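Thanks for coming. I have a few minutes on one structure, so please look at the screen.

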Amino acid sequence: MESYPPVIPYLVVPDAAAAIDFYKAALGALEIVRHHAPESTKITHAHLVINDGSVMLSDDFSETMGGKPSTPQALGGSPVTIHLQMADVDRFWERAVENGVIVTMPLADQFWGDRYGQFQDPFGHKWSVGHTKISLSEDQLKEAARVWFKI
């Protein structure tokens with residue numbers, strides 16, 4: 001029996017096949033499984049591994065799930081950001097940008113010690129990526145935040 005981590009983001013998208021292809025190209029995803037609805041091209045469930053973490057996704061099945069679409073586009077966006085912490089954030093970022101993510105916060109060295117940036121994928125899901133360059137004490141972090149926010 002397959003073992004899963006205790007928390008796994010599950011994304012709903014308008015075109016799961018296209019999303020899987022995009023996540024493979026842009027985020028280096030590894031496809032573990034893909035299940036289709038009977039006699040349909042719609043995907044009922046897919047499991048990907050991105051940056052050693054699991055992400056699951058499916059097409060929107062609003063017709064069988066209460067009639068309301070639940071993709072970020074249908075909902076006017078998503079309040080959730082999926083964060084990926086990694087060792088080589090620059091290389092990962094370059095690949096994602098080359099494959100069409102929408103940069104919402106450029107990758108840069110941040111006051112809290114991380115090299116960090118945010119983007120949105122073509123399906124409306126928000127992602128952040130980071131690499132800790134230096135670990136700050138609580139006092140150092142407070143001071144860095146004061147300087148950053150000009151307080």
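I will go through one helix and then two residues with unusual backbone angles.

Keep in mind that this is a predicted model.

Start with helix 3, residues 89–98. Which of its residues are buried? They are Val89, Phe92, Trp93 and Ala96. Their directions span an arc of only 100° around the axis, so these four sit on the same side of helix 3. The general background is that an α-helix has 3.6 residues a turn, so residues three or four places apart point the same way.

What lies over that buried side? The cover for the buried residues of helix 3 includes helix 1 (16–27) and strand 5 (81–85). It also includes strand 6 (102–109), strand 7 (114–120) and strand 8 (126–132). On the face turned away from the buried side, helix 3 carries Arg91 and Glu98, which are exposed. After helix 3 comes Gly100, with a positive phi near 100°.

Now the backbone angles. Most residues other than glycine have a negative phi. Asn51 is not a glycine, yet its phi is positive, about 55°. Where is Asn51? It is in the loop between strand 3 (43–50) and strand 4 (53–59). Asn51 has 30% relative accessibility, so it counts as partly exposed.

The other case is Lys150, also not a glycine, with a positive phi of about 55°. Lys150 falls in the segment after helix 4 (138–148). Is Lys150 buried or exposed? Its relative accessibility is 73%, and therefore Lys150 counts as exposed.

That is what I have.

Terms used: Residues numbered from 1 in each chain as written. Predicted model: local features only at pLDDT ≥ 70, side-chain atom pairs only at ≥ 80, totals over all residues. Heavy atoms only, no water. Helix = DSSP H or I, 4+ residues; strand = E, 2+ residues; numbered from the N terminus. Buried < 20%, exposed > 50% of the residue type's maximum accessible area, 1.4 Å probe, protein only. Arc of directions from axis to C-beta. Contact = heavy atoms within 4.5 Å.
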